[in-house]
Amino acid sequence: MFSFDKRVEELSLKALETAKKEFETIDEITEYNQKKMLRAFIDNHVSESMFTESTGYGYNDRGREVIDLVFSQAVGAEDAIVRHNFTCGTHTLTVALFGVLRPGDTMLSVTGRPYDTIQPVIGISKDGGDMGSLKDYGVKYDEVSLTADGRVDYEAIEKRLAQGDVKMVYIQRSRGYSLRPSLSVAEIKKIVDITKKTSSAMVMVDNCYGEFVEKLEPTDVGADLMAGSLIKNPGGGIAKTGGYIAGKKEYVEKCAYRLTTPGLGREVGATLGHSRELFMGIFSAPHVVGEALKTAAFTSALFTLMGFDPTPEVGESRHDIIQAVRLRNSENLIAFCQGIQKGSPVDSFVTPEPWEMPGYDSEVIMAAGAFTLGSSIELSADAPLREPFAVWLQGGLNFHSAKVAVMYAAENVMKLLDKEGK
Ligand SMILES: *Cc1c(COP(=O)(O)O)cnc(C)c1O
């Protein structure tokens, strides 16, 4: 059905061998998380009648109420809101930030500069004007940088918190599009413990790409609030849109008042027939995240064998689904992304090209052949064509299919290596 250069076939077999131990770890975590999710479905008596749509105000929508209970149980939180109404991860995080912060409060990011799209929300991006950012509403912002090797600077955090003015400690778990390591839940716990010991601040986590990668979530270890996108890990590749916020009851309530209105909060919001997909999505999420992690581990192993420099390396513990590979030059990045596209179930016949994406200071190439536009729990890859010439790969609804795309990527890059060799 698919034929590859013999060397790619052989290296792939070898890569599976190298990644074997990591696959076992992934399977073990996946089984644990999947059982945790099934337990939550059973305990909360999820029933077919909850999948019917509500319209208009959406009062007393049982499906909407129960999915909140199921999800909060699965992530060890007091409460949660899981809604199709969140338009993306940035919107969900924005609702959470505006939900709990008030004029005069200080938000302290302790993992350096937050993800690009969060910067205009805080009011620290270069361009902007009055868009109604946190800054426009009198919320102050400060940050503690990561250390030179991308690690959390616990001492600096403790010192900053001792000043006594911080209302919220903000953590970004995933590496985003940098090469720093992602944060483990154990590291997040350490920040939570330092925060609670030193101050009265609350802790909020941008949990994007982190859900169900480990056995525990930030809310299991004391984070007060976390949020993420349903077209990444927790939507299981089934949710068509949406987001979630989970955490302490008092904070989640406030976020619900921000999502709709003060007073109405979570009592309104027609589900319009989305409930079945949201339930099915969160149900499948632990398994699908396992498939994405296997895709990442396989990619890491294969490109190591080809002489490249991936991060995380094979066997390194993973805290998000992202796999970066440094590919040394632009040609390799383009070849890699075109290979991924060629092995995608949707739009396999188109060839991605680099383009000047607004907001970037170099050309960017992206591969995505997904059922849901922009979904990054489905296999996708992006690479800005500049130092350190790294591609960021994430997702894979099932490993068997994603493996084909990764092998096409390897074959494309190998062709270039052959040329170089001549
Ligand atoms: C994806 C992501 C977001 C939100 O991005 P959207 O594209 O709006 O869903 C925020 N933070 C991190 C770290 C992310 O990976």
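**Exercise 1.** How far is an oxygen atom of the ligand from an N or O atom in the side chain of Lys232?

*Solution.* Keep in mind that you're looking at a predicted model. Start at Lys232: an N or O atom in its side chain sits 3.0 Å from a ligand oxygen. A polar contact needs a pair of N or O atoms within 3.5 Å, so this pair passes the cut-off. Now try Thr90, where an N or O atom of the side chain is 2.5 Å from an oxygen of the ligand. Then go to Gly89: here a polar backbone atom is the partner, 2.8 Å from a ligand oxygen. To finish, check the cover: on its own the ligand has 380 Å² of accessible area, and the protein covers 88% of that.

**Exercise 2.** Work out which helix gives the most to the shell around the ligand, and how the shell divides by class.

*Solution.* First list some neighbours: the residues around the ligand include Cys88, Leu93, Tyr115, Gln172 and Asp206. Next, look at helix 4, residues 89-100: with 3 residues, this helix gives the most to the shell. Last, sort by class, and you get 5 nonpolar, 3 polar and 2 charged residues.

**Exercise 3.** Describe the second largest pocket and its lining.

*Solution.* Begin with volume: this pocket has about 230 Å³. Of its 15 lining residues, Glu22, Thr25, Glu316, Ser317 and Arg318 are the closest to the centre. Then find the main contributor, which is helix 2 (residues 20-43), giving 5 residues to the lining. Finally, split the lining by class: 5 residues are nonpolar, 5 polar and 5 charged.

Technical notes: Residues are numbered from 1 along each chain as its sequence is written. This is a predicted model: local features need pLDDT of at least 70, side-chain atom pairs count only at pLDDT 80 or more; totals for chains, interfaces and linings use all residues. Side-chain values use heavy atoms; hydrogens and water are left out. A polar contact is a pair of N or O atoms within 3.5 Å; within protein, one must be able to donate a hydrogen and the other to accept it, and residues adjacent in sequence count only if both atoms are side-chain atoms. Accessible areas come from the Shrake-Rupley method with a 1.4 Å probe; for residues, only the protein chains shown count as cover. Helices (H or I, at least four residues) and strands (E, at least two) are DSSP runs, numbered from the N terminus. Ala, Val, Leu, Ile, Met, Phe, Trp, Tyr, Cys and Pro count as nonpolar, Asp, Glu, Lys and Arg as charged, and the others, Gly among them, as polar. On a 1 Å grid over the protein atoms alone, a cavity is a set of points where a 1.4 Å probe fits but cannot get out, and a pocket is an open set with protein on both sides within 12 Å along at least five of seven lines; lining residues have an atom within 4 Å of a point. Grid points are joined across faces, edges and corners, and a volume is the space filled by probe spheres set on the points.
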